[in-house]
Amino acid sequence: MDQYIVFVNKEQKFAINVSKVERILEYKEPKRLPDSSPYFLGVIQYNGSILPIIDLTKRLYDADMAVTMDTKIVVVNWKERLLGLVVDDIIGVQSFTDKQFEEFDLDIEISSEYIIGFIKSHGDVIVCLDIDRVFDQEQEDELILATNE
């Protein structure tokens with residue numbers, strides 16, 4: 001049984017393996033950087049380092065997020081660096097069996113390399129993300145530049 005942090009964005013549930021998650025923070029307004037991508041909200045200070053903050057709603061859906069009392073920042077380990085993902089709400093840590101997990105069917109026509117598969121839970125479908133593949137090379141370069149202190 002694997003454990004996942006389950007969260008909501010745009011009324012869709014997503015999951016990230018807990019091994020990739022360092023911490024969950026209350027939302028705090030990041031400092032915007034000039035000439036950055038629309039999904040790159042800026043940076044905050046985190047444990048003495050600069051933490052890039054990503055609007056996951058903008059990245060996945062190209063839609064603006066709405067900050068509410070439930071909005072959180074999920075600090076994830078990404079490509080040997082830390083990255084903050086803004087999510088609408090945290091559902092919690094949940095365990096799923098291999099039987100509940102269904103791998104991504106390559107016959108489905110979606111250009112989403114970052115979807116590992118789907119978790120079937122209580123009549124719902126949770127999208128399981130591979131956080132290391134959410135960005136293309138150009139996007140990765142932008143985030144890496146932002147974290148070089």
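**A walk around Asn 9**

Visitor: What share of the 149 residues in the protein is buried?
Guide: Bear in mind that this is a predicted model. A residue goes down as buried when its relative accessible area is under 20%. Going through the 149 residues of the protein, the buried share comes to 46%.

Visitor: What radius of gyration does the protein have, set against a compact globule?
Guide: A compact globule with 149 residues would come in near 15 Å. The protein agrees with that, so the value you're after is 15 Å.

Visitor: Is Asn 9 buried or exposed?
Guide: Start with its surroundings: Asn 9 sits in strand 1, residues 2-9, and 6 of the 8 residues in that strand are buried. Then there's its own number, a relative accessible area of 0%. The cut-off for buried is under 20%, so Asn 9 is buried.

Visitor: Which residue of strand 2 stands opposite Asn 9?
Guide: Strand 1 pairs with strand 2, residues 12-17, in the antiparallel sense, over 6 bridges. The two form a hairpin with 2 residues between the strands, and Lys 10 there takes a positive phi near 50°. Across from Asn 9 you'll find Gln 12.

Visitor: And in strand 8, which residue is the bridge partner of Ile 5?
Guide: Strand 1 also runs antiparallel to strand 8, residues 89-96, with 7 bridges joining them. Follow the pairing from Ile 5 into strand 8 and you land on Val 93.

Technical notes:
Residues numbered from 1 in each chain as written. Predicted model: local features only at pLDDT ≥ 70, side-chain atom pairs only at ≥ 80, totals over all residues. Heavy atoms only, no water. Helix = DSSP H or I, 4+ residues; strand = E, 2+ residues; numbered from the N terminus. Buried < 20%, exposed > 50% of the residue type's maximum accessible area, 1.4 Å probe, protein only. Pairing = 2+ DSSP bridges. Rg over C-alpha atoms; globule rule 2.2 N^0.38 Å.
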